[in-house]
Every structure is written in C-alpha cells, then in structure tokens.
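I sat down with a new model today and kept short notes as I went. Here is what I looked up, in the order I looked.

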Amino acid sequence: MRFTRPPAGWLPVAAIVLTHAAAGFTQTLPEVVVTATRVERPLAESLVDISVIDSSEIARFGASSLPELLRARAGVEISQNGGAGAVAGLFVRGSKTSQTLILVDGIRLENPTSGGGNLEFLPLASIERIEIVRGPASALYGSGAIGGVIQIFTRTGATPAVHAMAGFGSQGGAQLQAGFSQLFNEARTRLSAAVSSDRTRGFETTRPGTPDYQADRDSHRRLALTAGASHRLGNDWQLSANLLASDGRTDYDDAFSTPQTARLAYRTTALSVSAKGRVKDGWTTELRAGQSGIDYRYKAFDFAPRTDSQTLLWINSMDLPAGRLDLGLEQLRQRIAGEGISEGDTPYQRTRRRTDSVFAAYELAWQAHRVRLQVRHDRIQSVGGEPTAALGWGWQWAPAWTLRASWASSFRAPTFDDLYNPFGANPALRAERARGAEVALEHRPGGGELMRLVAFDNRIRDAIEIDADFVPRNLLRARVKGVSLEMQRRWAGLHWQGNLTVQDAQGQRDDALVSADPQRLARRARAFGVLAAQWQQGPLRTSAQWIMQGDRVDTRGEKMAGYGIVDLTAAWAVSTHWELFGRVGNVGDRAYETAAGYNMPGRTLFVGMRYAGR
C-alpha cells in the first residue's frame with residue numbers, strides 16, 4: 001500500500017506494537033563499545049544514544065548492501081539513486097549526508113571534495129560490526145559529526161575459523177565470499193583475511209519522462225579484500241593492523257551522458273595500525289595511525305578525483321582518585337589530486353589541508369549518577385579554530401533503568417568543493433555549527449533486551465547550500481526535533497526488534513531572494529520505522545522485516561509518497577558447518593522512490609549456501 005502520509009492511527013498503532021512486544025529478546029549485544037568515548041567502555045555506561053549491529057544480525061536479516069542495512073536502525077534514513085552502487089544519501093536524525101562522520105576501524109573515511117563517506121562503495125561482506133552514535137559528537141571527533149558517527153569494524157576473526165559463501169539471485173545478482181582466521185604463538189598472534197565479489201545486472205533506475213532517463217539496465221560489480229593482524233606483547237600491550245580495499249564499477253543514468261558512457265569506476269581503501277596497552281595501573285594509552293582514500297573516475301567526463309586522508313591519534317585514559325580523565329591529540333592531513341582537481345586547465349585553488357586537534361574528557365561516577373564533560377579544539381588550515389563541548393548525565397535509578405540527558409555543540413568545516421572549486425567557490429564561507437540536546441529513558445533488563453525512548457532537538461545554523469548562481473553560501477538555518485522509540489524483546493514465541501522515529505525537520509533560508517518561511521528538509525520523513533520478527537525452531541530460522549517511511553519532498557520540491565515494504569529471510573542449518581539461506585526483498589513488489597525520479601528495486605530473490613568451520 002502506498003500513501004502520501006502515514007494514515008490516521010498509524011503512529012499510535014506502531015507505538016503500541018513496539019511497546020507491548022515485550023518480554024525478552026535473546027540476541028547478546030557486545031558488552032563493550034568504542035565509538036561513544038573513543039576508548040573501550042561498557043555499553044551500559046554509555047551516556048549517548050548508541051546502537052550496535054553485530055555479525056549475527058547482519059546475517060540474520062540478509063541485507064544486500066550497507067545502505068539497506070543502516071536504514072533499519074532508529075533515526076536513520078537512506079536515499080539512493082537506484083540499486084546497488086548508486087549514489088546513497090544518509091540522514092541521521094535529519095542531518096544531511098556530509099553531517100554524519102564515517103569511521104572504518106577508527107580511521108576517518110571522508111571524501112574531502114564533497115564531504116560524506118560514500119557508503120555505496122563499501123562492501124557489506126567485509127563488515128563484522130557497526131556502532132551508530134546518534135547526536136552531535138564533534139567534541140570527540142571534530143568536523144562532520146553534527147548528526148552523529150557511524151563506525152564500521154571490518155572482519156578480524158577472533159577465533160580460528162574458515163568461512164565461505166556463494167549466492168545467486170534475480171537481476172543477475174551473484175555473491176562469492178571466502179576467508180579465514182588463524183591463531184599462532186599460543187594465541188598471542190592472530191591473522192585473518194577475506195575476499196568477496198558481488199555483481200548485478202541491475203534494472204532501469206530512472207523513470208520515463210524524467211530528465212535523467214536512459215532506457216538501460218544499470219549494473220554494478222565489486223571486488224573487496226579485508227585483512228587483519230594482531231600480536232600481544234605480554235599481558236599489557238597489543239599491536240594490530242586492519243586493511244579494507246574495494247574496487248568496483250557502477251552504471252548510472254543522467255542527462256549529460258549516454259548509456260555507453262554513464263559509468264563510474266571507484267576504489268576505496270582504509271588502513272589502520274595501532275599500539276595500545278597499559279603504561280601502569282590505571283593508565284592506558286593508544287597510538288593509532290591510518291590512511292583512507294576514495295578514488296573514482298567518470299567515463300563521460302574528464303573528472304577523476306583521488307583523495308588521501310592521513311590520521312594520527314594519541315589518546316590516554318587515566319583513573320583519578322575521583323573519576324576518569326581521557327586526553328587526546330589528533331592530526332588529520334587531507335589531499336586531493338587527479339584529473340579536474342590538480343590536473344587540467346582549471347585546477348582547484350588548493351589541494352591540501354591539515355587539521356590539528358586536542359580533546360579531553362572527564363567522567364565521574366557517584367552512587368547511581370554518572371557525569372561526563374568533553375571539550376575539543378580543532379585548528380583547520382584556511383578555516384580557523386573551532387571549539388566544541390559536550391555534557392552528559394545519567395542516573396541509573398534502578399538496576400535495569402537509566403535516565404540520561406545531554407547537550408553538545410558541533411560543526412562541519414567547508415569542503416574543498418565549497419572553498420576551492422574553480423567554478424563557483426566561496427572562500428568566505430563559515431563552518432556549519434549546531435547545538436543539540438536529548439533526554440532518554442532506557443530499560444535494559446539483560447539478555448539483550450532493550451527499550452529506549454529518546455527525545456532530541458538539534459539546531460543548525462550557517463548551513464552551506466548552493467544559491468541561485470550555483471555558488472555555495474551560508475544560507476540555511478535548520479532545526480530537527482523529534483522522538484524515537486527502540487525495542488528488542490521476545491513476545492508470543494517470536495524475537496522482536498523495532499524502532500519508530502517521529503520528527504519535525506525544517507530549514508529556513510536567510511537570503512532575501514527566497515521566502516524566509518520554514519520549509520521541510522529534503523528527503524526527510526515526518527515518521528519512519530521498522531518492525532522485525534524472528535522465529536527459530538531446530539535447524540530452521542526465519543525472519544520478516546517491515547520498513548515504513550512517510551511522505552517526503554525532494555530538493556526541487558517534488559513530492560514523494562510514503563511506502564511500506566516487507567523483506568523475508570530464511571535459513572536452514574543443513575549440518576554443523578553448512579547453512580542454506582534465502583531472501584525475498586520487497587515481497588509485495590511495491591513501486592517506491594527515495595530520490596525523486598529514481599526507482600528502487602522491486603521484488604528480488606536471492607539464495608545461497610554458507611560454510612563456517614575450523
């Protein structure tokens with residue numbers, strides 16, 4: 001069923017389902033998270049809105065891509081110009097794509113020319129776990145963390161194992177994966193590696209009559225590699241390294257190319273090395289260095305950016321007589337090159353930038369209360385200094401109940417495109433700045449059960465938008481406020497997961513040429529959510545997922561109707577090591593769009609076999 005807005009009664013009915021599906025979801029979430037504080041801390045002590053997607057959940061719901069997986073989380077919306085490999089937009093609590101920071105194994109993955117992490121380039125097969133922090137986080141991570149932080153952890157293989165997968169499906173889809181992990185030297189040394197390949201012939205992504213329409217299928221293919229190594233020095237120190245590399249090619253439709261030339265080749269890399277350990281009792285330290293790159297080339301245009309981001313991080317965590325102190329230094333060096341950037345008749349005015357940062361956090365636990373204060377200062381070449389701060393408070397007033405509140409400032413520096421593009425740059429741009437607050441009530445009775453209610457409010461000023469002359473300017477003030485409800489429980493013999501977000505995302509332009517009345521922010525729904533259920537009996541495991549999103553408007557004011565789609569998955573454990581699985585996506589074959597004029601996939605079928613053993 002398609003609808004232009006959530007039908008009457010939709011929100012209360014969904015809320016009742018989420019609230020009363022309560023009595024014990026058995027998935028075990030990781031006890032320790034990293035992204036909330038940049039050091040390993042128990043999940044129960046976190047003072048921010050954080051969710052974890054582990055490897056079992058990735059396998060259980062069988063998403064075909066990273067954007068498809070993320071859209072099932074509370075507060076997260078995804079737009080995409082078609083199917084696999086197509087340009088994807090990410091909206092965390094109503095913030096735009098470039099206002100959410102993407103990390104891979106602790107290293108910033110960012111396209112310096114335009115911002116954002118190009119999630120569509122990352123292979124889901126290479127991912128072991130994802131941590132999602134919703135809300136302003138610049139006081140820990142600096143520029144770009146206005147809406148939140150998404151950290152991706154690649155496959156590491158904590159135990160000796162061999163794994164493989166082969167699958168085939170509709171639209172010429174095929175996936176192959178294989179990998180291993182091995183322990184040596186009395187389990188002090190670990191090595192792992194995995195390769196994956198996926199491809200699809202695609203479908204017609206654009207609609208007839210739209211400016212970008214091309215009568216062809218838009219295919220995609222990708223080859224990816226992950227590798228990891230670690231070595232323990234005694235009981236106190238560990239050295240580790242992680243690598244992710246993916247190489248792919250995707251077709252697209254636009255008004256300036258032909259079906260023969262509308263093709264994009266890309267390569268994404270992320271390398272992280274670290275040394276961490278205990279200096280003495282109560283004092284741990286970590287030194288991390290990394291490099292990431294997002295390179296791509298258009299067949300139809302002489303534009304082939306190569307990007308390079310180098311990170312150096314030193315962070316110390318010390319127990320004090322009262323509380324704990326975290327101190328950190330960070331340096332980020334970014335460089336862009338390639339055709340249309342540093343080569344050609346009109347190169348960018350600047351192709352390098354350095355950011356030097358210092359940050360500190362103090363956390364104090366007293367009786368049932370916990371308080372955390374964070375401050376950070378970033379000095380960005382050609383942009384200037386940006387101070388940020390955050391304050392969080394939590395009260396565990398009963399063993400399974402926590403009430404918490406927080407406030408934080410955040411910012412996003414102008415990109416290389418904004419400041420140095422030879423066609424319409426604006427060196428006078430100011431950084432985007434935001435102030436956000438939230439109040440949350442959490443119930444964690446144990447065994448992976450969760451009930452979380454969060455009210456949030458984020459005000460953004462000096463948002464950078466393109467004016468009528470195609471020049472970036474600080475034109476927009478925006479405010480996103482709303483409520484999200486999230487649960488993981490057991491009810492009526494089923495394991496349930498669900499979330500519902502209701503928000504008001506509005507922006508107001510400051511230029512005199514456009515009406516100053518608040519308007520809805522593009523591609524953000526007033527209400528969206530997911531309800532999923534899993535059933536398992538013996539070797540058979542099945543699950544269903546209902547994804548709902550209300551009506552939206554696009555960048556030119558085009559109206560996009562709301563939609564609801566259902567995905568089904570099933571798996572049969574043939575033996576101890578072998579599993580047969582299948583997935584039907586968009587069971588009802590609903591026609592819907594997340595970007596105006598672009599089709600999303602209709603009904604799809606994918607089946608395959610997995611092997612996991614020693």
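**Entry 1: cavities.** Before counting, I wrote down the rule: on a 1 Å grid over the protein atoms alone, a cavity is a set of points where a 1.4 Å probe fits but cannot get out. I also noted that this is a predicted model. How many cavities of 30 Å³ or more does this rule give? I got 10.

I then turned to the largest cavity, which holds about 400 Å³ of space. Its lining is made up of 35 residues. Which of them lie nearest its centre? I listed Leu47, Val48, Pro136, Ala390 and Ser406.

Next I asked which elements supply at least two residues each to that lining. I found strand β8 and helix α4 (138-141) there. I also found β20 (369-380), β21 (384-398), β22 (401-412), β23 (432-443) and β24 (450-466).

**Entry 2: the sheet with β8.** Since β8 had turned up at the cavity, I followed it into its sheet. I traced five strands in an open sheet with mixed pairing, in the order β3-β8-β9-β6-β7. Which strands sit at the edges? They are β3 (49-53) and β7 (107-108), and each pairs on one side only.

I looked more carefully at β8 (residues 127-134) and β9 (residues 148-154), which pair in the antiparallel sense over seven bridges. For a landmark I picked Ile130, whose bridge partner in β9 is Ile152.

**Entry 3: β12, β13 and β14.** I moved on to β12 (residues 189-200), which pairs with β13 (residues 220-233) in the antiparallel sense over 12 bridges. Here I marked Val195, with Leu225 of β13 as its bridge partner.

How many bridges join β13 to β14 (residues 237-251)? I noted 14, and these two strands also run antiparallel. My landmark for this pair was Ala224, whose bridge partner in β14 is Ser246.

I then checked how β13 leads into β14: they form a hairpin with three residues between them. Gly234 is in the turn, and I jotted down its positive phi of about 65°.

**Entry 4: a patch on the surface.** Last, I looked for nonpolar side chains on the outside. Leu287, Leu312, Trp314, Leu329 and Val358 form a nonpolar surface patch, with about 460 Å² of accessible area together.

I singled out Trp314, which is found in strand β17 (residues 304-319). Why do I call Trp314 partly exposed? I do so because its relative accessible area is 41%, and partly exposed covers the values between under 20% (buried) and over 50% (exposed).

Methods:
Residues numbered from 1 in each chain as written. Predicted model: local features only at pLDDT ≥ 70, side-chain atom pairs only at ≥ 80, totals over all residues. Heavy atoms only, no water. Pairing = 2+ DSSP bridges. Helix = DSSP H or I, 4+ residues; strand = E, 2+ residues; numbered from the N terminus. Patch = residues over 30% accessible without salt bridge, like charges linked within 9 Å, V, L, I, M, F, W, Y side chains within 5 Å. Areas by Shrake-Rupley, 256 points an atom, 1.4 Å probe, with all protein chains shown as cover. Salt bridge = Lys/Arg side-chain N within 4 Å of Asp/Glu carboxyl O. Buried < 20%, exposed > 50% of the residue type's maximum accessible area, 1.4 Å probe, protein only. 1 Å grid on protein atoms, 1.4 Å probe; cavity = no way out; pocket = protein on both sides within 12 Å on 5 of 7 lines; lining within 4 Å. Points joined across faces, edges and corners; volume = space filled by probe spheres on them.
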